[in-house]
Amino acid sequence: MVFSQEAVKGASLHEVIDNLSLHSSAAQIEKLNYQNEILQFENYKKSYLPALSLNFNPVNFNRSLRVLQQPSDGSYSYVEDYSNNSSAGVSIRQKIGITGGDLNIGSNINYLNEFSLKRNSFNTTPFFIGYSQQLWGGGKQYHFEKEIEYAKNNVAIKQYCTKLSRIQQQALELYMTALLGKMEQDFALQTTQNTDTLLQLARIKLDNGHITEYDLKQIELQSLNTRYAYENARKNYIEAQERLAVFLGIEAIEVEIPEFDIPFTIEASTAMFYVEQNNPFLKQQEIQTFEAESNLFSAKLSNRFNGSISLNYGVNQYAETFAEAYRNGNTRQSVIVGFQIPVFQWGVNKNRIKIAENNYEANKIARERQMREFENEVKENINSYNHSVKLWLTSQKVYNLSHEQYKMLIQKFSLGKVSVYELTTAQNEQNNALQRYYSAIRNTYNSYFTLRSMALYDFKLNVELEEILLNK
């Protein structure tokens, strides 16, 4: 499937992240993988529903010589087997989760046609029912399996949202790269226009003897450098646009400087609450805990007295006609009870239990360490975001002031009140202010969307990402 959209002009950052990125090919792939995860969970739940099976073997033909041993004297002879054996049956299987057993109900019929003797016969089982399970531990193993499967399904939903949010972060990274190209291109274009104006003024001032030829050459050199910078910036912007458009699956796109419309601060307590509630990494730790406990329980169970029981009841009959094969059926019953008693195995099972216990403790220690590291990472991103917001607002003012100041210096230069050196210094300061402004925007959004991905919570809309992304 190839996804395509019409060309988009002047797309905002939030339009790219909240809409276009979620219709990209990467997002479509994750959606298909997520559907597979959900179908696997549906299969698990349906495995505890009654399963109906039909079997029908109309032809089982054989014509050959077979060795037959006589029961009277033990001698062997060859007999001709010239027959067809057909069978049909229906069965219903039901898993009993609370006990860990299996219940089977069904009916069978076999039809034997002996061509050599020109004789037909029917063997029927009109009804049978059977149940089997191990004596101890089945219910608890079912409980572990259920907890693990439901936890995996919950993690699959969270991981899907996380993967989509990471695709949004990839779109953000590409958008920010394109934004840098656009800001540098626009700045270089404006600077080129300003230096052209300065060059015209410098030539007039040189003719009037107000500046030296060195000053004129310095401004001319500056003008050429700005043109060189503009061409490079334009090339970089076009390439960044193309990379972003390819990722989004569109023809073309123009980026815009985003307006500040996200929270001024994010409280650590709020972020940590949603991280603990939604983050798939933390949910995965719960699954590992369940699996470690299940493995430990299975290891202990294998070293204890246990057994199994199998109960079967039914009716069967044999006759040469179909009708007679279903009359006066014979009762068929069986009860099998077996026990497993580990007596002496050279300490193998004991070692298995110790291995399971060691793995459980090692996993527990590793999870605690990973939890502390993860919590520290969340706190660092919260601090980074709150700090970047302040830098954004400050750097934006600095950039605007430097731009206005440079315009004022051009006017003062025309009046002969500033030197070429002061103009060059002001232009460099304006470029530095632009870089700081861009860095603040980029760092703020990177921190915000990283936190958003960790918590699976939109701090701007005050809604969980699961509600947003699963409806896309």
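Select Asp-261 in this predicted model: with a relative accessibility of 32%, Asp-261 counts as partly exposed. Its side chain meets that of Lys-460 in a salt bridge, 3.2 Å from N to O. Asp-261 belongs to the loop between α4 (213–248) and α5 (268–278), and Lys-460 to the loop between β8 (457–458) and β9, so the pair ties together parts that are 199 residues apart in sequence. Lys-460 is partly exposed as well, at a relative accessible area of 35%.

From Lys-460, proceed to Glu-464, which is located in strand β9 (residues 463–464). Glu-464 is buried and yet has no salt bridge. The nearest side chain of opposite charge is that of Lys-158, at 4.5 Å; a salt bridge would require the nitrogen to be within 4 Å of a carboxyl oxygen. Display the surroundings of Glu-464 next: apart from neighbours within four places in sequence, Glu-464 contacts Tyr-274, Gln-277, Asn-278, Leu-456 and Tyr-457.

Now select Arg-452 and Asp-458. These two residues form a salt bridge, with 3.4 Å between the closest N and O atoms. Arg-452 is buried, at 3% relative accessibility, and Asp-458 is buried too, at 6%. Add Asp-18 to the selection: salt bridges with shared partners join Asp-18, Arg-452 and Asp-458 into one network.

The next stop is Met-454, in helix α8. At a relative accessibility of 8%, Met-454 counts as buried. Leaving out neighbours within four places in sequence, the contacts of Met-454 are Val-275, Asn-279, Glu-377, Val-378 and Asn-381. For a sense of scale, draw a distance from Met-454 to Pro-71: the two C-alpha atoms lie 78 Å apart, and the residues are 383 apart in sequence.

Remain with helix α8 and select Arg-442 together with Glu-173. Their side chains meet in a salt bridge of 2.1 Å, N to O. Glu-173 lies in helix α3 (residues 138–207) and Arg-442 in helix α8 (residues 420–455), so this pair ties together parts separated by 269 residues in sequence. Glu-173 counts as partly exposed, with 32% relative accessibility. The structure holds 12 salt bridges, among them Glu-173 with Arg-442, Lys-460 with Asp-261 and Arg-452 with Asp-458.

Turn then to helix α2 and select residues 25–46. This helix has 22 residues and reaches 32 Å from its first C-alpha to its last, close to the 32 Å expected at 1.5 Å a residue. Colour the buried residues of α2, which are Ala-27, Gln-28, Glu-30, Tyr-34, Phe-41 and Tyr-44. When judging how such positions are arranged, recall that an α-helix has 3.6 residues a turn, so residues three or four places apart point the same way.

Finish at the surface. Show Leu-52, Leu-54, Val-90, Ile-92, Ile-105, Phe-127 and Tyr-313, which make a nonpolar surface patch of about 620 Å². The elements giving two or more residues to this patch are β1 (51–57) and β3 (76–96). Centre the view last on Ile-105, a patch member found in strand β4 (residues 101–114). Ile-105 counts as partly exposed because its relative accessibility is 32%.

Technical notes:
Residues are numbered from 1 along each chain as its sequence is written. This is a predicted model: local features need pLDDT of at least 70, side-chain atom pairs count only at pLDDT 80 or more; totals for chains, interfaces and linings use all residues. Side-chain values use heavy atoms; hydrogens and water are left out. Patches are made of residues with over 30% relative accessible area and no salt bridge: like charges are joined within 9 Å, nonpolar side chains (Val, Leu, Ile, Met, Phe, Trp, Tyr) within 5 Å. Accessible areas come from the Shrake-Rupley method with a 1.4 Å probe; for residues, only the protein chains shown count as cover. Helices (H or I, at least four residues) and strands (E, at least two) are DSSP runs, numbered from the N terminus. Buried means under 20% relative accessible area, exposed over 50%, partly exposed in between (1.4 Å probe, protein chains only). The expected span of a helix is 1.5 Å times one less than its number of residues. Lys and Arg count as positive and Asp and Glu as negative; His and the chain ends are not counted. Contact means heavy atoms within 4.5 Å.
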